[in-house]
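Thanks for making the time this morning. I would like to walk you through one structure, a few elements at a time, so please have it open in front of you.

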Amino acid sequence: MTATPLSIDGATQLLGLIGNPVAHSLSPAMHNAALARMGVNAVYLPLPVATEGVGAALAGLAAIGVRGINVTIPHKQTAMPFLQEVSARAQQVGAVNTIYPLSGGGWGGTNTDVSGFLYPLQQLDRPWSASTAIVLGSGGAARAAIQGCFELGFARVVAVGRSRDRLLSLTRTWSQLQTATWDELAALLPETLLIANATPIGMQSESDPAEIASTPLSLEHLARLPREAIVYDLVYIPKPTALLKYAAARELVAIDGLEMLVQQGAIALSLWLGGREVPVEVMRRAALAHLGLD
Ligand code: NAP
């Protein structure tokens, strides 16, 4: 299903996504479906931008009065120097994914990935402040997940990565963060309440169809987790991933990355529309339909 705006006329406003590539993004389907349902005269477009063009693109988009911009890979960090205001949370994470026009001109930026990550966890009642969370990976998604785990109040957050330099750079942001290598992971599992996969392992890939069957944790790993553990895979294609199939087989709470994607988009859209309530279920259904899962 392709969502279309109500109509385009002289008053239609523009929203969009800058990144490279952007062609496979679910965001246009989600946002345009919500805009249509809300009767907002605006359209959301994917806007491919090369890294060296980010500053020029943002200046041009400001000049034509664009109402809001999402930022995706590889510009979540490179866009930051071109913003006049950056939220405390985005500064902490070191990345923006949502940009909005400032009343005095120029752009402000924030990070709605953290709230998106937190949303499914906030629906659960768990003793976060007495528990350990493990985040697999040390890239952009891992940074949002780590910030989310600290905001949720986890007593201990451990990032597991394969690059010592990237792990070190995480501890420069969060001094209380602990780090571990993949070899050390198995020993940590028995005392873990939440394990979040923020690597692309298990993601459906056109270039490597075998990747779909891969998983960052084996069944033996999952058997070491306590019965109340939550397995959160930020990857959302395929749905479910091999990791979440394993988690369900062990009757653990399994959360996929689609809800994070939907929620970060809903929060961004509400921000651009002055705090209006947005139809989250319409966005969720549009994302599922775009993935052929409706
Ligand atoms: P990224 O910045 O490229 O980071 C990827 C991380 O995964 C890096 O730490 C990388 O390690 C690690 N990694 C990659 N392949 C690995 C492997 N085979 N073994 C061990 N570690 C590996 O990417 P990202 O933006 O963080 O995205 C990561 C995943 O999260 C993607 O699948 C993306 O789709 C998903 N995501 C989901 C949402 C959502 O809303 N649900 C939002 C953002 C991202 P090195 O540092 O050693 O290379």
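Let me begin with a pair of helices, where α1 passes α11 in a right-handed crossing. Please keep in mind throughout that this is a predicted model. The two helices, α1 and α11 (residues 280–290), pack at an angle of about 140°, and their axes are 8 Å apart. That angle makes α1 oblique to α11, because only values over 145 degrees would count as roughly antiparallel. On the α1 side the contact is made by A29, M30, H31, A33, A34 and R37, while α11 contributes V282, M283, R285, A286, A287 and H290. Sorted by character, the residues of this contact are 8 nonpolar, 2 polar and 2 charged.

The helix α1, residues 27–38, also lies across β1, β2 and β3 (68–71), and its direction is at about 170° to that of β2. Helix α2 (residues 54–63) packs on the sheet as well, touching β1, β2, β3, β5 (98–101) and β6 (107–110), and its direction makes about 115° with that of β6.

That brings me to the sheet itself, which is open and is formed by 6 strands in the order β2-β1-β3-β5-β6-β4, with mixed pairing. The edges are taken by β2 (42–48) and β4 (85–86), each of which has a single partner strand, so one side of each is left without a neighbour in the sheet. Strand β1 (residues 13–19) runs parallel to β2 and is joined to it by 7 bridges, and within this pair L14 stands opposite V43 in β2.

A second helix pair deserves a look, namely α4 (residues 113–122) and α5 (residues 140–152), which pack at an angle of about 50° with their axes 8 Å apart. These two helices are therefore oblique to each other, and their crossing is right-handed. The contact involves D113, V114, F117, L118, L121 and Q122 of α4, together with A144, A145, Q147, G148, C149, E151 and L152 of α5. Its residues divide into 8 nonpolar, 3 polar and 2 charged.

Finally, a single residue: is L193, in strand β10 (residues 192–197), buried or exposed? L193 counts as buried, because its relative accessibility is 6% and the cut-off for that class is under 20%. Leaving aside residues up to four places away in sequence, L193 touches R126, P127, W128, S131, T132, F154, E228, A229 and I230. From L193 to R227 the separation is 34 residues in sequence and 9.0 Å in space, C-alpha to C-alpha.

Definitions and conventions
Residues are numbered from 1 along each chain as its sequence is written. This is a predicted model: local features need pLDDT of at least 70, side-chain atom pairs count only at pLDDT 80 or more; totals for chains, interfaces and linings use all residues. Side-chain values use heavy atoms; hydrogens and water are left out. Buried means under 20% relative accessible area, exposed over 50%, partly exposed in between (1.4 Å probe, protein chains only). Contact means heavy atoms within 4.5 Å. Two strands pair if DSSP finds at least two bridges between them. Helices (H or I, at least four residues) and strands (E, at least two) are DSSP runs, numbered from the N terminus. Axes are lines fitted to C-alpha atoms, for helices over the stretch in contact, and angles run from 0 to 180 degrees between N-to-C directions. Angles under 35 degrees count as roughly parallel, over 145 as roughly antiparallel, 65 to 115 as roughly perpendicular and the rest as oblique. A crossing is left-handed if the near helix is turned anticlockwise from the far one by less than a right angle, and right-handed if clockwise. Ala, Val, Leu, Ile, Met, Phe, Trp, Tyr, Cys and Pro count as nonpolar, Asp, Glu, Lys and Arg as charged, and the others, Gly among them, as polar.
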